[in-house]
Amino acid sequence: MDTAVTNTSRRDSNEDDRTGLSKEALKRAFLDNLFYYQGKFPALATKNDYYMALAYTVRDRLLHRWISTAETYTTTQARTVAYFSAEFLLGPHLGNNLLNLGIYDEARLAMRELGLNFEEILGQEEEPGLGNGGLGRLAACFLDSMATMEIPSLGYGIRYEFGIFAQDIVDGEQVELTDKWLRNGNPWELPRPEWAVEVKLAGHTHHFFDREGRHRAQWIPSLTVIGTPFDTPILGYHNNTANTLRLWRAEAPESFDLSTFNRGDYWGAVNKKVVSENITKVLYPNDEQIQGKELRLQQQYFFVSCSLQDMMRIMRGQGIPLAKFHEKYAVQLNDTHPAVSIAELMRLLVDENDMEWDDAWAITRKTFAYTNHTLLPEALEQWPVHLFARVLPRHMEIIHEINARFLDEVRLRFLGDHGRLERLSLINEHGERYVRMANLACVGSHAINGVAALHTDLLKADVLADFHALSPEKFSNKTNGVTPRRFLALANPRLASLMSDAIGDGWVSDLDQLRKLETYADDPAFRSEWRYIKRAVKEEFAGYLRRRIGIAIDPESLFDVQVKRIHEYKRQHLNVLHIVALYHRIKNNPDIDMTPRTFIFGGKAAPGYRMAKLMIRLITAVGDVVNRDPDVRDRLKVVFLPNFNVTTGQKVYPAAELSEQISTAGKEASGTGNMKFMMNGALTIGTLDGANIEIREEAGPENFFLFGLNAQEVHDLKNNGYHPHALYHDNHELKAVLDLIRDGSFSRGDRDLFRPLIDNLLYHDPYLLLADYQSYVDCQGQVSEAYRDKESWARMSILNTARSGKFSSDRTIRDYCNDIWKVDPMRVALSSREQLQLDMGKKGS
């Protein structure tokens, strides 16, 4: 390998090694980076050295576009989207950037000619676990789409040192491990210490009157931390736009107190460093204790304060007055985590820049827009007033002032309606007082949107009904989407190639073009190719599973997949009840004719969510029994794929044939996994929940397996009195299934292990599993029958992909730009090195 690595061709004088896109330029740059960045020669280089060398090679090409983009935005003073999110679940950068640069094949050939395994190099990348699930992945898709659509934008968030925990399964149970995503370095980010800002915390406020007799407030903090930005370029597909994701790391103003150290207080010498850096230490600290709640609030405030101060720095650099803040920026709040930014912008404008309250409030409301992501009341963020006031004393005063003025407006609109006043108030006065962050987001934003048609309707009718009655013009729907670059072109290259050969490759940046595939659904030769590719992908995934968890699965079986965060409302345990029902049928009749299935699960349970962790234990326990029972004869196989993340998703989505989207109707805001499965040709079994409704409308009812109660029926059933225990007694198979679990058949005789889960279903069943059970099982029977007709299934699969265009995040971003942000695309031209030198010469003179 050493000889191969060093055998490169002579330089082409017409191509720059830092920006050239040819195979030969990539090889030369790769070796330069191996030697000069990693300080290695081939005999000593590790796989990680090769990964870093290739990553730096690609990053050079990004930086060329990144600098050109920044220069364009600066000189034009472009109106810019600032996307505020506590999570950005990006996934691996290398493959995606190679795809977007259009040099994926050139890089593969370059590595091959150097005697290196390209796939192994890609596999070396540590995935940044900077998100918990759909919220963070949506933010990442949006960044990709904004760059592809040439929308001037900045993503703002937190550079967590440790991301979402790495999940292992030990004795069938989830074990949380530290996610050390930075242990080998991160070649994609650039620290910007020159743009660091100060962030205040705790302390008290001082009120006074200035020389003009105006009331003023001064915040005197007891703790100050430094926010240092780390920038990651986000490249668009086949264009010159590279936008910025700016993540903030917390540091102490002084990391080491020498005088304290010299007095012998070694802990005190570094204590401020430890306390400050804890703020960005870990994604979502356990907030069951008050210390965890305080740290989480500090995290949220820290990143929005850093971001707003940074945005003001940019305005000063461009000579734009703060009075035009709302003209320069459209700020989108990705759920309530960044909602404290409303109070922070008011503080910065009023306290730090002497702006009058009314002027500042007008700017603030024109700046922010709020995306709601939940229909679960318990998920609407609230902070105890005493905690909020201790951490952010000035913001507590500002929120009280906003609330007082807002409620005065409400009284004029709804005279004497005290109940409405209580519901709309930013402060929950029932029992312990809480700050309602969703209410703050609604009051301080000019636009409010849901993320699927049903979700938005339910927000208007229920969760945010009072706000809708007050300001209906604020509300709109923006159905979520996902990027087809990562989740189809990159994840499923063989299918992508087949489609491009048939209809051209314009679909990669215009997914509606997939509609052209509809005519191919009736072409036997195309269906045959489609099936061949699906089989090849399934075989590849089966090999991956065997290497990863040691379980062999049959590629001939139906791959039935449910990968998502583990939660009761997502109803992974309903899926398990169906598996147990099938197993029970086999045990009663070992020769029963049954469509072979492989059930694939994946997802993480929150560390403190006992019931969700018990659901994982049930999945693995059922798998242990089913997979080793000789009566089953490989007709059923159950696997749980540990540590599900973006990397794993890129392997699972192309292999799946049935997508389980079985949440209780009215509980899932949208879902985005359902869209990734659809793009890759999986058929959906699901309820009328979230974006499932729109997926069914697009795919056609005949290409979607529908079951269960709808949202109105769920509401009516609960209001009229729901008795799950009666369903248990009335349904013979359901009773047998629950009894098998309760009686220890899947827990080595331990009747107590799953008792909490079964008792919850029998006596509470808050998510109506038992009410939907028979409909679900019957629908699964239809799935089994449909799968037997391979030609018909292939046709339905093709039509699902062909009709997935609506669910591109490009369409979602276009809707935001047109309806909420009012931001236009801006074409970026690459700056030449000669032009940069000329500019520097002018500056020097």
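Select helix 4 (residues 94-101) in this predicted model, and then display what surrounds the helix. The buried residues of helix 4 pack against helix 3 (47-76), helix 5 (104-113), helix 6 (118-123), helix 7 (134-148), strand 9 (223-235) and helix 20 (484-490). Helix 4 is mostly covered, with eight of its eight residues buried. Colouring them one by one will pick out Leu94, Gly95, Asn96, Asn97, Leu98, Leu99, Asn100 and Leu101. Step just past the helix to Gly102, where phi is positive, about 80°.

Move next to helix 12 (residues 341-352), which is also mostly covered: 11 of its 12 residues are buried. The buried residues are Ser341, Ile342, Ala343, Glu344, Leu345, Met346, Arg347, Leu348, Leu349, Val350 and Asp351. Charged side chains can be found in that list, including Glu344, Arg347 and Asp351. After helix 12 comes Asp354, with a positive phi near 55°.

The tour now turns to the nonpolar cores. Which residues have the most contacts inside the largest nonpolar core? Select Phe84, Phe325, Phe388 and Trp821, which hold that position in a core of 113 residues. Helix 10 (residues 290-318) should be shown alongside them, for it supplies the largest share of this core, 12 residues. A second, separate core has 87 residues, among them Leu26, Tyr51, Leu63 and Ala521.

Return to Phe388 and display its surroundings. Beyond residues up to four places away in sequence, Phe388 touches Leu297, Val340, Trp383, Pro393, His395, Met396, Ile399, Val435 and Met437.

Aromatic rings form the next stop. The model contains 22 aromatic pairs. One of these joins Phe705 and Trp793, which are stacked at 6.1 Å centre to centre with 25° between the planes. Phe705 belongs to strand 23 (residues 705-706) and Trp793 to helix 33 (residues 790-802), so the pair ties together parts that lie 88 residues apart in sequence. Are these two residues buried or exposed? Phe705 has a relative accessible area of 9% and is therefore buried; Trp793, at 6% relative accessibility, counts as buried too. For a cluster of rings, select Tyr83, Phe142, Tyr816 and Trp821, which are linked by ring pairs. Trp821 has already appeared on this tour, as one of the residues with the most contacts inside the largest nonpolar core.

Two lysines placed over ring faces deserve a view of their own. Select Lys651 together with Tyr544: the lysine lies over the face of the ring, 5.0 Å from its centre. Then select Lys676 with Phe487, where the corresponding distance to the ring centre is 4.5 Å.

Proceed to Ile169, in strand 3 (residues 166-170). Which residues is Ile169 in contact with, leaving aside its neighbours within four places in sequence? They are Gln174, Ile616, Thr620, Phe640 and Pro642. Adding Asn643 to the selection shows a separation of 8.7 Å between its C-alpha atom and that of Ile169, although the two residues are 474 residues apart along the chain.

The final stop is His584, in helix 23 (residues 572-588). His584 counts as buried because its relative accessibility is 17%, under the 20% cut-off. Apart from neighbours within four places in sequence, His584 is in contact with Ala736 and Leu740.

Note on methods:
Residues are numbered from 1 along each chain as its sequence is written. This is a predicted model: local features need pLDDT of at least 70, side-chain atom pairs count only at pLDDT 80 or more; totals for chains, interfaces and linings use all residues. Side-chain values use heavy atoms; hydrogens and water are left out. Helices (H or I, at least four residues) and strands (E, at least two) are DSSP runs, numbered from the N terminus. Contact means heavy atoms within 4.5 Å. A nonpolar core is a set of buried Ala, Val, Leu, Ile, Met, Phe, Trp, Tyr and Cys residues joined through side-chain atoms within 4.5 Å. Buried means under 20% relative accessible area, exposed over 50%, partly exposed in between (1.4 Å probe, protein chains only). Rings of Phe, Tyr and Trp (its six-membered ring) pair if their centres lie within 6.5 Å; planes under 30 degrees apart count as stacked, over 60 as edge-to-face and the rest as tilted. A charge sits over a ring if NZ of Lys or CZ of Arg is within 6 Å of the ring centre and within 35 degrees of the ring normal.
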